[in-house]
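Q: I'm new to this one and would like to learn how to read it. Can we go through it feature by feature?

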Amino acid sequence: MDHERALRGLLRHRGPHRRARRRRRVAPPRRALRRPRDEADQDVVFAVRGYRVPAENLLGEENGGFKCIMHNFNHERWYIVAGANRASRLVVEECYKWANQRVVFGNPLIAQPVIRNKLARITSLVEGVHAWLEAITYQMQHMTHAEQANHLAGPIALLKLFCTRSANVVSDEACQIFGGRAITQTGMGKVVEQFQRSAKFAAILGGSEEIMAELGVKQAMRGFPNARL
């Protein structure tokens, strides 16, 4: 095209000291982090070295990045609980369907007391997490951000701990209910199999279970009176 020829003419050699050069932009090196999740959900690490960032691009105060992260932790942990418990509820639903459908020695699986006991256990855990989440959500809607940081940081941390511990129980009991189908990536047990691989993510992201326990108790003791038995 004419405009392309004109551009090539501008970039043509004009002498030993007048060569027009196009700067080649070099992307920072990167590598993918492989995780046992959906192929559409993969993390990538960018190694940025030797780059200078203009001072006007600074977000917030200098050396205050950690405060920005901490500022959002309560909400991050809240939505982790919401997502993790929804996944647990889906697994419980699959267990009820399978126990009602599967016939063993002429009787449905749900006719066995041990199966009903497992269903009762995981149902109670999921409903308990949901009820606590509803209570926390109501409080968050009626508190300022400063009030949430003061009064809800501990309860939200303990809620996340309770949620991820419950998810482990749900995963384990669901495997026992589904049997061999729980370790197949396709078919009627695929939801349970996928949950086994992904349930641990909620226990790590947003703060590990040990950190959640520590934070919850520390927050409780902060306002605890000097009481004695």
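A: Sure, and we'll start with a yardstick: the expected span of a helix is 1.5 Å times one less than its number of residues. Helices (H or I, at least four residues) and strands (E, at least two) are DSSP runs, numbered from the N terminus. Keep in mind that this is a predicted model, where local features need pLDDT of at least 70 and side-chain atom pairs count only at pLDDT 80 or more, while totals for chains, interfaces and linings use all residues. Residues are numbered from 1 along each chain as its sequence is written, and side-chain values use heavy atoms, with hydrogens and water left out.

Q: How many helices and strands does the protein chain have, and in what pattern?
A: There are eight helices and four strands. Along the sequence they read α-β-β-α-α-β-β-α-α-α-α-α.

Q: How do I use that yardstick on α6?
A: Compare the expected span with the distance between the end C-alpha atoms. The 26 residues of α6 should span 38 Å at 1.5 Å a residue, and its end C-alpha atoms are 37 Å apart, which agrees. Try helix α4 (residues 113-141) too: with 29 residues, α4 reaches 42 Å from first C-alpha to last, close to the 42 Å expected.

Q: What does "buried" mean, and how much of the protein chain is buried?
A: Buried means under 20% relative accessible area, exposed over 50%, and partly exposed in between (1.4 Å probe, protein chains only). Of the 229 residues in the protein chain, 28% count as buried. Helix α6 is mostly covered, with 19 of its 26 residues buried.

Q: Which residues of α4 are buried, and what covers them?
A: Here's the general idea: an α-helix has 3.6 residues a turn, so residues three or four places apart point the same way. In α4, the buried residues are Ile115, Lys118, Leu119, Ile122, Leu125, Val126, Val129, Leu133, Ile136 and Met140. Their cover includes α3, α5 (145-151) and α6.

Q: How do I read a contact, say for Asn85?
A: Contact means heavy atoms within 4.5 Å. Asn85 has its place in helix α3 (residues 73-101) and is buried, at a relative accessible area of 4%. Setting aside neighbours within four places in sequence, Asn85 is in contact with Val126, Val129, His130 and Cys163.

Q: What about Ala99: which residues does it touch?
A: Ala99 also lies in helix α3, and its relative accessible area of 0% makes it buried. Not counting residues up to four places away in sequence, Ala99 touches Pro108, Leu109, Ile110, Ile115 and Leu119. From Ala99 to Leu119 is 20 residues in sequence and 9.2 Å in space, C-alpha to C-alpha.

Q: Is Ala82 buried, exposed or partly exposed, and how far is it from Leu133?
A: Ala82, in helix α3, has 27% relative accessibility and so counts as partly exposed. Ala82 and Leu133 are 51 residues apart along the chain, yet their C-alpha atoms are separated by 7.5 Å. For the protein chain as a whole, 64% of contacts between residues at least 6 apart in sequence join residues at least 24 apart.

Q: At what angle do α6 and α8 cross?
A: Axes are lines fitted to C-alpha atoms, for helices over the stretch in contact, and angles run from 0 to 180 degrees between N-to-C directions. The axes of helix α6 (residues 153-178) and helix α8 (residues 209-222) come within 8 Å and cross at roughly 145°. The contact includes Ala153, Gly154 and Ala157 of α6, with Glu209, Met212 and Ala213 among the residues from α8.

Q: Where does phi turn positive?
A: As a rule, most residues other than glycine have a negative phi. Right after α6 comes Gly179, with a positive phi near 70°. Asn63 is not a glycine, yet its phi is positive, about 65°. Asn63 sits in the loop between β2 (43-46) and α2 (65-71) and counts as exposed at 78% relative accessibility. Phe105, another residue that is not a glycine, has a positive phi of about 50°. Look for Phe105 in the loop between β3 (103-104) and β4 (107-108), where it is exposed with a relative accessible area of 83%.
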